[in-house]
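Visitor: Could you take me for a close look at one part of this model, the place where two helices pack together? After that, I would like to hear about the charged side chains that pair up elsewhere.

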Amino acid sequence: MSIFDSDKEVNLRYRAYIDDIIISRVRIITFVGGFIYLAFNLLDWIVYPNHALFFLKIRVIGTSFFIFLLLISFWKNVKPLAVWLANSLAISVAAGISVMIFSSDGSSSHYYEGINLVFLVVGIMNFSYTKHNIFTFVMMFMCYELAVFNCPVPFNKVNFYSANFFMVSTAFLVTLLTRLYSAQQQQAFMRQEQLKLNEEKLAALYSQADQLSKTDELTKIHNRRSFFDMLQNKIEASESSNSSFYLIIFDVDHFKELNDRWGHSFGDLALTKVVEVVKSNTRAQDCFGRFGGDEFILFLDIIDTDPLMRRLTKISQGVTSLNLMQKNQTVLISISIGAAKFVPQQNMTKNQLLEKADQQLFRVKKTNRGQICIAE
């Protein structure tokens, strides 16, 4: 996938962002709206004194449902269902108001204005879910229509049709405005998130490229430049902590003859197998790199000669036991190893340490290949 082909991922982020907003708004409205819904009972005592006590029961039940939704909104897995919480809240209020309309004067009631107010609240909560808004509006309309047409009080056509006109107008305007607002907000969010996502992916690519620039292509270990950077850091750390370590240089014996006889692909195979042996005998604090051609270099966090010799012997024996096959023949390979110890407080540079280890490797190659020579 292209680094710029990430619309699906950004859309998922946007949905999560919207659900977070809806949850926060549901919490505010259930907390504040519950008290307001209950407080409107004061108006009931003025307009419908004979029904006020019954209306109070409805409002108490509604407020209890508000509290229930408020508690649910804090459940950690509820965010994907945030819009349904908002729908439930709006429809429950509309149902409560419709019961009051049915119980009082039906089509003559002006309590439809309460449903009108809930339409606005729905738009605030579900501003980005147009289909959910329409579904909620239809359910609220149905509650009102059922309450009016089943009420035994004489039908007031003027009030009924004006109520429907205001509710339809409110629903249309809320849907239109929230749709426009949601589209603008989504575009802004998408642009911002797309830029952020692309920056993250570009940073990952740059990091990968930087890693590749420090890695030997064939063996996947440090290349020469990267290893020397690590070596310099190791020297500085050792000087600070007053601790020693060993620098080791080794190469594959008679590697040119191996290439000439068996081909460069076999030579590459031999190098990768040698690297596997060395890596299996090093630890996280050690560093291993390719010096060039068939020469390799590493430093081991060892301070004494005996454990160093055991480790290097194990590596040498591991290489010798590889027994690589080529054209039904077993090809034996070996390595020659030179090592030098870094001692702090001697003002030894990395080039001096490298020269010291290289001299030991040269001694082995001049005298007896496949052996180990350590300089103190």
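**Two helices and some charged pairs**

Guide: Happy to, and please keep in mind that this is a predicted model. Helix H4 (residues 82-103) and helix H5 (residues 112-125) have axes that come within 9 Å and cross at roughly 180°. Angles over 145 degrees count as roughly antiparallel, and H4 and H5 are therefore roughly antiparallel to each other. From H4, the residues in this contact are Ala-86, Leu-89, Ala-90, Val-93, Ala-94, Ile-97, Ser-98 and Ile-101. They meet Tyr-112, Gly-114, Ile-115, Val-118, Val-122 and Met-125 of H5. Sorted by character, the residues of the contact of H4 with H5 comprise 12 nonpolar, two polar and no charged.

Now to the charged side chains. Side chains of opposite charge can pair when their charged atoms come close. In this model, the count comes to 10 salt bridges. One of the salt bridges joins the side chains of Arg-290 and Asp-216, at 3.3 Å from N to O. This pair links distant parts of the chain, 74 residues apart: Arg-290 belongs to strand E2 (residues 287-292), while Asp-216 sits in the loop between helix H7 (157-213) and helix H8 (224-241). Buried means under 20% relative accessible area; Arg-290, with 15%, is therefore buried, and Asp-216, at 12%, counts as buried too.

Helix H8 itself takes part in another pair: Lys-234 forms a salt bridge with Asp-301, and their closest N and O atoms are 3.2 Å apart. Here too, distant parts of the chain are linked, with Lys-234 in helix H8 and Asp-301 in the loop between strand E3 (295-300) and helix H11 (305-320), 67 residues apart. The two partners fall into separate classes of accessibility: Lys-234 is buried, with a relative accessible area of 16%, whereas Asp-301 is partly exposed at 30%.

For a pair within one helix, turn to helix H10 (residues 264-280), where Glu-276 and Lys-273 lie three residues apart, about one turn of the helix. Their side chains meet in a salt bridge of 3.9 Å, N to O. Glu-276 is partly exposed at 47% relative accessibility, and Lys-273 is partly exposed as well, with a relative accessible area of 28%.

A last stop is a group of three: Arg-283, Asp-286 and Arg-311 are linked in a network of salt bridges.

Definitions and conventions
Residues are numbered from 1 along each chain as its sequence is written. This is a predicted model: local features need pLDDT of at least 70, side-chain atom pairs count only at pLDDT 80 or more; totals for chains, interfaces and linings use all residues. Side-chain values use heavy atoms; hydrogens and water are left out. Axes are lines fitted to C-alpha atoms, for helices over the stretch in contact, and angles run from 0 to 180 degrees between N-to-C directions. Helices (H or I, at least four residues) and strands (E, at least two) are DSSP runs, numbered from the N terminus. Angles under 35 degrees count as roughly parallel, over 145 as roughly antiparallel, 65 to 115 as roughly perpendicular and the rest as oblique. Contact means heavy atoms within 4.5 Å. Ala, Val, Leu, Ile, Met, Phe, Trp, Tyr, Cys and Pro count as nonpolar, Asp, Glu, Lys and Arg as charged, and the others, Gly among them, as polar. A salt bridge is a side-chain nitrogen of Lys or Arg within 4 Å of a carboxyl oxygen of Asp or Glu. Buried means under 20% relative accessible area, exposed over 50%, partly exposed in between (1.4 Å probe, protein chains only).
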